[in-house]
Amino acid sequence: MKPVNPVWPADTKVISPSCLRRPRLHDVHETALPVTVGHATFGDWWEPFTLGVGPAGVYLTSLERERQTQLRRVCFEVLGPGPFTIESRAWAARGHI
């Protein structure tokens, strides 16, 4: 399987841990959890987005059909037919009440 690295820089965070401090949590610690997901085919990777799964799926389904087709074509050019792995990270935080 060919590995595919995420486009975002390694330190990109979607949610700041400071948002966890607002509801009176203290001793908040954050970490990045490495995640690797294998996909046998491009279609296996693409299909959940077409169902509106997650923020990326919601974005995709908000596009007009022609723009969806263009985006699919670009993604296929980058990823290929498969198999491939997507390497990413999940941001995790924990705190105490």
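This is a short tour of a predicted model, moving from the whole chain to two backbone features.

**Whole chain.** Start with the protein chain in cartoon view and colour by secondary structure. There are 4 helices and 3 strands. Going along the sequence, the elements come in the order β-α-β-α-α-α-β.

Next, switch on a surface. The protein chain exposes about 7,200 Å², and carbon and sulfur atoms supply 59% of that area. Of the 97 residues in the protein chain, 18% are buried.

Then turn to contacts within the protein chain. Taking those between residues at least 6 apart in sequence, 81% join residues at least 24 apart.

**Strand S2.** Select residues 26-39, which form strand S2, and pick out Asp27 within strand S2. What is the sign of phi at Asp27? The value is positive, near 55°, in a residue other than glycine. Is Asp27 buried, partly exposed or exposed? With a relative accessible area of 43%, Asp27 is partly exposed, because the partly exposed class runs between the 20% limit for buried and the 50% limit for exposed.

**The loop before strand S3.** Now select helix H4 (65-79) and strand S3 (84-96), and look at the loop between helix H4 and strand S3, where Pro83 is found. Show the backbone of Gly82 and Pro83. Which kind of peptide bond joins Gly82 and Pro83? The bond is cis, with omega at about 0°.

**To revisit.** Two selections are worth saving: Asp27 in strand S2, with its positive phi, and the cis bond between Gly82 and Pro83.

How values were computed:
Residues are numbered from 1 along each chain as its sequence is written. This is a predicted model: local features need pLDDT of at least 70, side-chain atom pairs count only at pLDDT 80 or more; totals for chains, interfaces and linings use all residues. Side-chain values use heavy atoms; hydrogens and water are left out. Buried means under 20% relative accessible area, exposed over 50%, partly exposed in between (1.4 Å probe, protein chains only). Contact means heavy atoms within 4.5 Å. Accessible areas come from the Shrake-Rupley method with a 1.4 Å probe; for residues, only the protein chains shown count as cover.
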